[in-house]
Amino acid sequence: MADNPGGGSAQDGTVLLEALLDAKVGDVVVATLIDPTVVDAVVEASVGERVTVELGGHIEDNGNPIEVEATVQNISDGTYRNKGPMSTGLEVTFGQTVVLECDGVEIIVGSHRQQPYDPEVFRAHDLQLERVNMIVLKSTVHYRAGFEPLVETIREVAAPGLCSPDLSRFEYDHIPRPLYPLDEDA
């Protein structure tokens with residue numbers, strides 16, 4: 001939720017990705033981390049090649065860049081058509097896109113911010129949702145129509161980022177206090 005580009009976030013947050021990698025959680029797909037510098041570097045590689053990149057964390061205060069050694073799984077123009085119930089038929093693009101696999105976590109890395117609210121984002125990049133244990137989306141609400149039928153449980157994560165649902169994380173200079181929901185006595 002907090003790194004949702006639909007709410008204005010940079011979509012380059014690494015906090016959750018780093019936690020997944022540290023915990024060695026496998027069979028995970030992540031959509032989408034935006035890092036045009038990584039995409040530019042990786043498109044010079046071949047599918048199947050191992051690369052070392054410093055991924056994400058360059059724009060917002062939502063995690064530091066993390067160095068990963070990964071296998072290039074896919075290189076594409078990042079364009080597909082929505083097939084789910086929201087915006088059916090709409091052409092969507094993440095710009096030049098690569099898929100990196102790192103310790104069982106497959107990460108779609110794009111060069112253009114776009115909310116991943118349709119399951120076709122994975123299929124268009126040759127990722128099979130039926131074989132994974134976890135889907136991580138940088139979206140707040142729009143994904144539900146397409147993904148709820150595919151999963152057992154949805155867990156919203158309040159990581160750092162511009163779209164964090166935890167309003168106490170932000171500093172406020174020009175609002176009267178106390179103010180609900182920031183202050184319990186409001």
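Author: Before we start, helices here are DSSP runs of H or I with at least four residues, strands are DSSP runs of E with at least two, and both are numbered from the N terminus. You're looking at a predicted model, where local features need pLDDT of at least 70 and side-chain atom pairs count only at pLDDT 80 or more, while totals for chains, interfaces and linings use all residues. Residues are numbered from 1 along each chain as its sequence is written, and side-chain values use heavy atoms, with hydrogens and water left out.

Reader: Which residues of helix α1 (residues 15-22) are buried?

Author: Let's fix the words: buried is under 20% relative accessible area, exposed is over 50%, and partly exposed is in between, using a 1.4 Å probe and protein chains only. By that cut-off, the buried residues in α1 include Leu 17, Leu 20 and Leu 21.

Reader: Seen down the axis of α1, within what arc do its buried residues fall?

Author: The arc is taken over the directions from the helix axis to the C-beta atoms. An α-helix has 3.6 residues a turn, so residues three or four places apart point the same way. The buried residues of α1 line one face of the helix, because they fall within an arc of 95°.

Reader: And what do the buried residues of α1 pack against?

Author: Contact means heavy atoms within 4.5 Å. The buried residues of α1 pack against a set of strands: β1 (28-34), β2 (50-55), β3 (66-76), β6 (97-102), β7 (105-110) and β8 (134-137).

Reader: How many residues of β1 are buried?

Author: β1 is largely enclosed by the rest of the structure. That follows because the buried count in β1 is seven of seven.

Reader: Over how many bridges do β1 and β8 pair?

Author: Two strands pair if DSSP finds at least two bridges between them. β1 has a parallel pairing with β7 over five bridges, where Leu 33 has Val 109 as its bridge partner. With β8, Ala 31 stands opposite Leu 137, and the pairing of β1 and β8, also in the parallel sense, has a bridge count of four.

Reader: Which β2 side chains point to one face and are buried?

Author: In a regular strand the side chains alternate between the two faces of the sheet. β2 does just that: Arg 50, Thr 52 and Glu 54 point to one face and are not buried, while the other face has the buried Val 51, Val 53 and Leu 55.

Reader: What is the bridge partner of Val 53 in β3?

Author: β2 and β3 run antiparallel and are joined by six bridges. Within β3, the partner of Val 53 is Val 68.

Reader: What's the omega of the peptide bond from Ala 31 to Thr 32?

Author: Most residues other than glycine have a negative phi, and most peptide bonds are trans. Thr 32 lies in strand β1. The bond from Ala 31 to Thr 32 is cis, with omega near -5°.

Reader: What about phi of Lys 24?

Author: Lys 24 is found in the loop between α1 and β1. Lys 24 counts as exposed, because its relative accessible area is 69%. Although not a glycine, Lys 24 has a positive phi, near 55°.

Reader: Asp 126 also caught my eye; is it buried or exposed?

Author: Asp 126 lies in the loop between α3 (120-123) and β8. Its phi is positive, about 60°, although Asp 126 is not a glycine. At 57% relative accessibility, Asp 126 counts as exposed.

Reader: Which residues does Leu 150 touch, leaving out those up to four places away in sequence?

Author: Leu 150 lies in the segment after α4 (144-147). Leu 150 is partly exposed, with a relative accessible area of 42%. With those sequence neighbours left out, its contacts are Pro 119, Arg 123 and Leu 129.

Reader: How far apart are the C-alpha atoms of Gly 78 and Thr 93?

Author: Gly 78 sits in the loop between β3 and β4 (79-81), and counts as buried at 0% relative accessibility. Leaving aside neighbours within four places in sequence, its contacts include Thr 93 and His 125. Gly 78 and Thr 93 are 15 residues apart along the chain, and their C-alpha atoms are separated by 5.2 Å.
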